[in-house]
Amino acid sequence: MKETAKAEDGVWELRLYVAGQTPKSVMAFANLDRICKEYLAGRYRIEVIDLTQTPQLAVGDQIVAIPTVMRRLPLPVRKIIGDLSNTERVLIGLDLRAPTAQP
Amino acid sequence: MTVDDRVPAEAREIEDLRMRLEEAEETLRAIRIGEADGVVVSGPQGDQVFLLRGSEHPYRLFVEEMIEGAVTITAAGLILLCNRRFADLLNTSVDAIIGQNIDSIPNPEVRTCLATLLASTGKRSDPEEISYSADGAVRSLKFVGVRLVDDASVAILVTDVSEAHAREAALRRSNEEMEDRIRERTAALASKVGELGAARLAALNMMEDAVGSARALERANRDLKLQISARRESEKAHRRLATVVEQAAESIIITNTSGVIEYVNPAFERITGYTHEESLGQTPRILKSGKQDAAFYETLWSAITAGSVWNGHFVNKRKDGSLYEEDATISPVRDNDGTITNFVAIKRDVTTEVALGEQLRHAQKIEAIGTLAGGVAHDFNNLLQAMLTMVELLKRKSAEPGNLEHLKQLEMTIRRGSSLTRQLLLFARRETSRRENLDLNQILGDLFAFLRRVVRENIRLFIEPATVPLWISADRGQIEQVIMNLAGNAVDAMPEGGALSIAAGRGENAAWLKVSDTGTGIPETIRDRVFEPFFTTKAAGKGTGLGLSVVHGIIAAHGGRIDVECPAEGGTTFQFELPLQSVVAAVTAATPPEGDLPNGRGERVLLVEDEQAVREGLSAILELLGYAVVAVGTGEEAIEIDALAPFSVLLTDFMLSGMPGIEVVRRLRERWPDMKAILVTGYAAPGVIDAAVAANEFEFLQKPFDMAVLAQTLRAVLDPPGARR
């Protein structure tokens, strides 16, 4: 019921895996935050997971490289590796083009 | 189930696999082009995160340690990186800044300055300087920005110039003050001159006053100028003193009268590891190592509080816990009234000097042993030679099997005595080394019988020679010594019994030999030290601490290497390697079986030996071997000898009392040019023998030698190689 509600609300659940404050991790968060504000205003949630603190969290989502952003909702799951500075690539990778093009 | 039903399932599976392949390729691509800066690796300890450190890593460490602040900001104002100093300058922490936008920096001056540098175009910005009040003082910071090559970010260096400015300002103020005073005085005097001029211009004597005043004014000006330049000189002298203290190699500490540190110089920071900030307010007790007792510190304190200078030596502890040694002078500092206001300690790190001194003492110890051994060796070997010869003769004459066994034991003991002198000489590098091509297997085989006798009954002995010959260029006696020393140690390590294995084999370009025991092993903490001279774990009187040091020296001198291992399951293995010889000359067997000695055929032998016991023993043996012997006690007797028929061989001691052995050979050869010569010596310094043998075609025998060696050496000089059977 809850899941459906979320899907209907169209809330995006994103997870960013980082390893401490490396330059790429810092960059990735800033870029992701900027892109979401622009394309998903009010409809997203970013969870930052620092694998230097909790490496065991990498297993479930099969994370091998850092930084990685993962789209958990809506399904299907998608992942992008890197500092997300190429906005074009992020939009395609997260499949964010379509909604903005529709209205 | 039809084909059509299966197709969608397979198609989904293929699609799934394709996605996973793409994901894997994407991951590899990201890592390869440097988009990722960390990887997660699964291992036995679970998942671990590894940061990928690029070639820039050393620079990052450098940046971390700089005394300038450093920060990298993207074009959008995102703070990507900063060092600790930068965070300190902003009174915050690194973690609180990284990832923030510069807009969120609370200090408005810094914020504006960073924004300006970010906006400036060009490779390198002009330095920007800002000043603001912080904690009641004016802080001045200088910023320089550099645009990074491949992206739009800017790296900014921040230098704290507050102190420099404060100093400049103080100097400027004091100079201005001086100049103001000059101006005031000048004006005062000028107006006085003016008054005088107006009131009494006509009066001549007043004129003279005025002239005098003008002169006084000039003088006053000159005095002031001198004062200024003196003041400048004194400032310069102060600066010079400060520079000396700052740059001195000695560490300098100033404390107040209760010992609280008020100043330390950079050398102190370098030597102790404590920074200026960490040291101030502390006492020198932070360096206390516990190597000096309370009485030591009491003496020090009572000396300096009484106003004397204290000189002494400390073993102190660095911040990282390591120890160092320093020579120190601590003096009281007095003010103009003579009251002690401070103490100043000047200390020199002498750790290296102390270590060098230790090494020197050690070298001198070895030198002394060498001299002692060299002095004793000659006489000692003569004694052994006499005993050995007598034993050989007794062995020939005694048919009783029980006696024969005792004689063999006696012979063994004499050889052990000989080995002891040799060990000392080898250790002091005073042994003459004679290299020949040898098969390591054969040395091991020859030693087997001997080892059987020295190894106790509760120890099983295993010998495994290699299946191929192991040709090495080596001194037989020295290599035997190595094996004997290693075997001896192994036996000593197994007081309760065990197994001793000696194996030889062939590696790449090297022959190896392993001596393993099943003893207690060597604790890891002392494993590095076992080859050090005089290092022993044996009880006093049981070991000299020389054995392994000699082994190490011999192997090194032969161009080989030796290692020690203590496997987890117990025991110790020493393994050495020696370079293999590629070309090998045929080598005669070491010792032919007893009873099959090459006999003389009545050749005339002249024996010159000053030790009576040795002379008589050797004469008897030479006769037993079938030679006609004439024996004399000195070289002078030898050259005076009244003989018509020439001698075939001269057997002479090298170090005779009176005419030396070499001289005897030279003089007799004038008479009988074809006479062969064998020099015998208890001990001679290395080099002397080698040179003599090389120049004069002597044969050479080292005392003590046995009958077999003597018999073979005689035949070797009498039968030239081409004429042998």
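Q: Rings of Phe, Tyr and Trp (its six-membered ring) pair if their centres lie within 6.5 Å, and planes under 30 degrees apart count as stacked, over 60 as edge-to-face and the rest as tilted; which residues do ring pairs link into a cluster?
A: In this predicted model, whose local features need pLDDT of at least 70 and whose side-chain atom pairs count only at pLDDT 80 or more, while totals for chains, interfaces and linings use all residues, side-chain values use heavy atoms, with hydrogens and water left out. Residues are numbered from 1 along each chain as its sequence is written, and chains are lettered from A and ligands numbered from 1 in the order in which they are written. The cluster joins B:F296, B:Y297, B:W310 and B:F314 through ring pairs.

Q: How many aromatic pairs are there over all chains, and why is the pair of B:W301 and B:F343 edge-to-face?
A: The count comes to six over all chains. The ring centres of B:W301 and B:F343 are 5.6 Å apart and their planes stand at 85 degrees, so this pair is edge-to-face. It links distant parts of the chain, since B:W301 lies in helix α10 (residues 294-305) and B:F343 in strand β12 (residues 340-349) of chain B, 42 residues apart; helices (H or I, at least four residues) and strands (E, at least two) are DSSP runs, numbered from the N terminus.

Q: Is B:F343 buried or exposed?
A: Buried means under 20% relative accessible area, exposed over 50%, and partly exposed in between (1.4 Å probe, protein chains only). B:F343, at 4%, is buried, whereas B:W301, at 33%, is partly exposed.
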